[in-house]
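Hi,

Here is the structure I promised to send over. Have a look at it first, and then read on for what I found in it.

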Amino acid sequence: MPRLAPLLTCLLGLLLLVAHPAHAQEMPPWGTGESRGEDLSIYLVTFGPGDDVASWWGHGSLVVEDHKAQQARLYNYGMFSFDQTMLLRYAMGRLEFWVDDASPGATFRFYRSLNRDVRLQELNLSVAQRVELARLLAVNVLPENRNYLYQHYSDNCVTRLRDGIDKVLGGQLQQAMSTPGRMTLRDHVRRYTSVGPPMSLLLDFLMNDEIDQPITRWQEAFLPDELERQVAEMQVVGEDGQKHPLVARNMTSYASQGRPQTPEQPPKYGPVLLVLGLVFGGGAVGLSLWHRRSGARAPRLLLGLQNVLVGLVLGIPGFALFIMWLFTEHTVTHRNENLFLANPLTLLALPLGIQLIFGSARAPERLRRLWLVLAGLGLLGLVLKALPMFDQDNWRLIALILPISAGMAGALRLGRAPAAARAPDALASSLKAS
């Protein structure tokens with residue numbers, strides 16, 4: 001499974017680290033064997049999405065409550081250290097998370113203060129299964145056991161909950177969830193990030209075809225809402241040999257106010273991106289036609305600014321994607337077809353655009369050659385889609401970026417302004433005759 005570091009997805013651990021910095025110093029009674037299964041209740045807790053990028057995905061935890069001992073702890077696998085080495089570990093795809101425990105009440109109040117849903121499902125487990133899962137959580141939180149290497153889609157703060165529940169059920173959860181999933185991982189990412197279209201588009205750009213392959217419902221449960229949904233639908237075989245619901249009862253501690261629901265399907269903004277690409281690429285052609293007819297200085301400046309903007313918006317992500325492929329363990333970025341559309345070469349539009357603004361005589365020809373290469377690469381990527389190995393779901397990016405590259409290349413191939421209206425600026429003197 002691909003790995004995508006948690007800076008863009010599950011920074012919730014940082015918030016909880018600030019709010020609840022201490023972990024348990026003593027083993028709870030269910031960890032020492034003092035608790036009886038009859039006295040234990042175990043809840044799967046689902047926290048709804050929040051406002052910032054890191055919390056768009058929601059969060060999940062498990063709560064163990066011993067009614068007789070009047071003790072309860074919430075187990076959170078979303079903890080990590082935000083220190084000086086964090087960014088380096090993130091960049092290399094080697095960020096460690098850990099599990100910690102906290103007061104359920106304090107945690108619920110914290111999420112309520114953020115206007116995020118707090119929903120609980122009491123698990124309908126046997127006495128022995130409750131004892132086993134409670135002990136497993138208590139042991140996992142110990143310093144020697146608590147750390148794990150975070151992998152966004154396959155080993156995160158929610159899949160750890162799923163795996164623990166499945167373990168005490170003897171594999172029944174994974175067996176029942178081995179059926180085909182509702183959609184691909186990319187589709188899930190796109191629907192959860194639809195609240196922020198620019199970030200959604202960036203994440204869409206950075207991830208390769210590893211998240212476009214068919215998946216099972218088990219794999220879909222890397223998301224808190226998906227695990228909640230599937231646990232609610234689950235029927236398990238009990239000690240009596242009969243099937244019964246895995247969830248004994250549902251409770252809502254807090255329902256968010258005025259927060260939009262995550263859409264059931266990813267947004268269909270491909271046509272909008274195509275229009276934007278055509279407008280931007282066509283705008284470059286229009287600026288060159290304006291300059292050719294009038295010889296005015298304004299279209300040269302605007303065309304230079306357009307190159308600067310494209311160099312920033314497309315060049316920097318393209319350069320970052322190339323570096324992540326070569327030097328990091330973020331396998332979800334490797335061999336990404338979007339490098340046909342935007343790559344380190346695109347970044348050259350930034351300095352060349354600045355040169356064009358300041359009247360460099362060589363900038364137009366250099367930009368012309370640059371955009372011819374980029375448009376050619378984009379067209380090559382499009383043609384290669386006919387081959388089975390080039391199956392990345394990046395049609396939205398093609399619709400946006402290829403018209404821009406083609407428009408910029410076409411604009412800078414236009415000839416010089418007519419002699420009667422020609423201005424003595426660098427662009428007019430250096431563009432070649434068409």
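Arg335 sits in the loop that runs between helix 13 and helix 14 (349-357). Its phi is near 50°, a positive value in a residue other than glycine. With 56% relative accessibility, Arg335 counts as exposed. Bear in mind while you look at this that the model is predicted.

There is a second residue of that kind. Asn115 is not a glycine either, yet it has a positive phi of about 55°. You'll find Asn115 in the loop between helix 4 (104-113) and strand 5 (118-123).

Now for another asparagine, Asn208, in the loop between helix 9 (197-206) and helix 10 (217-220). Is Asn208 buried or exposed? Its relative accessible area is 1%, so it is buried. What does its side chain reach? One contact goes to the backbone nitrogen of Glu210, at 2.9 Å. In another, a polar atom of the Asn208 side chain lies 2.5 Å from the backbone oxygen of His334.

Next, helix 13, where I spent some time. It covers residues 297-327. How far apart should its ends be? With 31 residues at 1.5 Å each, the helix should span 45 Å, and the end C-alpha atoms are 43 Å apart, which agrees. Still, there is a kink of about 35° at Gly315, shortly before the proline Pro317. If you scroll along the helix, that's a spot to stop at.

Helix 13 is also where you'll find Leu312. Leu312 is one of the residues behind a nonpolar surface patch of about 330 Å², together with Leu309, Val313 and Ile316. Why can Leu312 be part of a surface patch? It has a relative accessible area of 38%, and patch residues need over 30%, so Leu312 passes that cut-off. At that value it counts as partly exposed. Leu312 also comes close to a residue from further along the chain: its C-alpha atom is 6.5 Å from that of Leu350, although 38 residues separate the two in sequence.

Just before helix 13 comes a pair worth a click. His291 is in helix 12 (residues 270-294), and its C-alpha atom is 9.8 Å from that of Leu303, twelve residues away along the chain. His291 is buried, at 1% relative accessible area.

On to the charges. Side chains of opposite charge can pair when their charged atoms come close. How many salt bridges does the structure hold? The count is 24. I'll go through a few of them.

Asp101 pairs with Arg73, and their closest N and O atoms are 3.5 Å apart. This pair links distant parts of the chain, since Asp101 belongs to strand 4 (residues 96-102) and Arg73 to strand 3 (residues 71-79), with their positions 28 residues apart. The two partners sit in unlike surroundings: Asp101 is buried, with a relative accessible area of 2%, whereas Arg73 counts as partly exposed at 23%.

Arg160 forms a salt bridge with Asp155, where the closest N and O atoms are 2.8 Å apart. Here Arg160 is partly exposed, at 27% relative accessible area, while Asp155 counts as buried at 16%.

Then there is a pair inside a single helix. Glu365 and Arg369 both lie in helix 15 (residues 363-383), four residues apart, or about one turn of the helix. Their closest N and O atoms are 2.9 Å apart in the salt bridge. Glu365 counts as buried at 16% relative accessibility, whereas Arg369 is exposed at 53%.

Some of the bridges are also chained together. Which residues make up that network? Arg182, Arg191, Glu226, Arg229 and Glu264 are joined into one network by salt bridges that share partners.

If you want a route through all this, I'd begin with helix 13, at the kink at Gly315 and the patch that includes Leu312. From there, go to the buried Asn208 and its contact with the backbone oxygen of His334. The network that includes Arg182 and Glu264 makes a good last stop.

Cheers

Terms used:
Residues are numbered from 1 along each chain as its sequence is written. This is a predicted model: local features need pLDDT of at least 70, side-chain atom pairs count only at pLDDT 80 or more; totals for chains, interfaces and linings use all residues. Side-chain values use heavy atoms; hydrogens and water are left out. Patches are made of residues with over 30% relative accessible area and no salt bridge: like charges are joined within 9 Å, nonpolar side chains (Val, Leu, Ile, Met, Phe, Trp, Tyr) within 5 Å. Accessible areas come from the Shrake-Rupley method with a 1.4 Å probe; for residues, only the protein chains shown count as cover. A salt bridge is a side-chain nitrogen of Lys or Arg within 4 Å of a carboxyl oxygen of Asp or Glu. Helices (H or I, at least four residues) and strands (E, at least two) are DSSP runs, numbered from the N terminus. Buried means under 20% relative accessible area, exposed over 50%, partly exposed in between (1.4 Å probe, protein chains only). The expected span of a helix is 1.5 Å times one less than its number of residues. The bend at a residue is the angle between axes fitted to the seven residues ending there and the seven starting there. A polar contact is a pair of N or O atoms within 3.5 Å; within protein, one must be able to donate a hydrogen and the other to accept it, and residues adjacent in sequence count only if both atoms are side-chain atoms.
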